Amino acid sequence: MKLSYAFLPCVIATALVISSTTSAAEVSSSQAPAATKVRTNKEVRDDSPLGYVAAPGTPAEEITIVAGKTRHIKVVRLETYRIVYGSSIVVWTFDTFGLPTFPLSKILPGSSDVTVHVSENPMYAN
């Protein structure tokens with residue numbers, strides 16, 4: 001019985017700390033200025049079934065598109081790439097439905113005649 005009574009204050013203290021931390025996080029996020037709001041990955045995923053723009057600073061493999069020479073690029077599903085086409089740059093995570101083949105111009109305007117081939121990520125294969 002002594003163990004049960006000694007354990008109860010620890011449980012109550014932990015519950016109070018967790019609830020106060022959650023409240024502080026809710027207050028700080030609601031007070032953030034609207035100008036610094038960054039689009040979340042969920043918001044971007046709703047826009048495109050081909051993936052989403054990666055968060056700034058996300059490490060990525062770079063793919064440089066050479067106008068008139070690059071016809072195809074191969075990417076791996078659920079990986080992030082920095083795609084450079086002239087002065088246009090996009091850091092994109094290919095979170096696709098299935099393994100589509102699609103024109104790069106759907107995610108990087110102006111990059112016509114380049115086809116993206118998405119392959120399965122071996123980390124997530126059955």
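In this predicted model, the protein exposes about 8900 Å² of surface, and carbon and sulfur atoms supply 61% of that area. Of the 126 residues in the protein, buried residues make up 25%. Among the contacts with a separation of 6 or more, 42% are accounted for by residues 24 or more positions apart.

The protein has two helices and seven strands, and from the N terminus on these elements run in the order α-α-β-β-β-β-β-β-β. The strands are described here through two open sheets, one of four strands and one of three strands.

In the sheet of four strands, the order is β1-β5-β4-β2 and the pairing is mixed. Strands β1 (52-53) and β2 stand at the edges of this sheet, and because each has a single partner strand, one side of each is left without a neighbour in the sheet. Within this arrangement, β2 and β4 pair in the parallel sense over five bridges, and Thr 64 stands opposite Val 84 in β4.

The open sheet of three strands has the order β3-β7-β6, again with mixed pairing. Its edge strands are β3 and β6 (101-103), each of which pairs on one side only, and the twist averages 25° from one strand to the next. Strands β6 and β7 run antiparallel and are joined by three bridges; the bridge partner of Phe 102 is Val 116, which lies in β7.

The largest nonpolar core has 19 residues, and those with the most contacts inside this core are Ile 65, Ile 73, Val 75, Ile 83, Phe 94, Leu 104 and Val 116. Two or more residues of the core are given by each of the elements β2 (61-65), β3 (72-76), β4 (80-85), β5 (88-93) and β7 (115-119). Such a grouping can be set beside a general tendency: in soluble globular proteins, nonpolar side chains tend to be buried together. The surroundings of one core residue may be given in detail. When residues up to four places away in sequence are not counted, Val 75 touches Ile 63, Tyr 81, Phe 94, Val 116, His 117, Val 118 and Ser 119. Of these neighbours, Phe 94 and Val 116 are also listed among the residues with the most contacts inside the core.

The structure also holds two salt bridges. In general, side chains of opposite charge can pair when their charged atoms come close. In one of the two pairs, the side chains of Glu 62 and Arg 82 meet at 2.7 Å, N to O; this pair links distant parts of the chain, with Glu 62 in strand β2 and Arg 82 in strand β4, 20 residues apart. Glu 62 is partly exposed, with a relative accessible area of 46%, and Arg 82 is likewise partly exposed, with a relative accessible area of 30%. The strands that carry this pair, β2 and β4, are those that pair in the parallel sense.

In the other salt bridge, the side chains of Glu 120 and Arg 77 meet at 3.2 Å, N to O. This pair, too, links distant parts of the chain, since Glu 120 lies in the segment after β7 and Arg 77 in the loop between β3 and β4, 43 residues apart. Glu 120 is partly exposed, with a relative accessible area of 33%.

Definitions and conventions
Residues are numbered from 1 along each chain as its sequence is written. This is a predicted model: local features need pLDDT of at least 70, side-chain atom pairs count only at pLDDT 80 or more; totals for chains, interfaces and linings use all residues. Side-chain values use heavy atoms; hydrogens and water are left out. Buried means under 20% relative accessible area, exposed over 50%, partly exposed in between (1.4 Å probe, protein chains only). Contact means heavy atoms within 4.5 Å. Accessible areas come from the Shrake-Rupley method with a 1.4 Å probe; for residues, only the protein chains shown count as cover. A nonpolar core is a set of buried Ala, Val, Leu, Ile, Met, Phe, Trp, Tyr and Cys residues joined through side-chain atoms within 4.5 Å. A salt bridge is a side-chain nitrogen of Lys or Arg within 4 Å of a carboxyl oxygen of Asp or Glu. Two strands pair if DSSP finds at least two bridges between them. Axes are lines fitted to C-alpha atoms, for helices over the stretch in contact, and angles run from 0 to 180 degrees between N-to-C directions.
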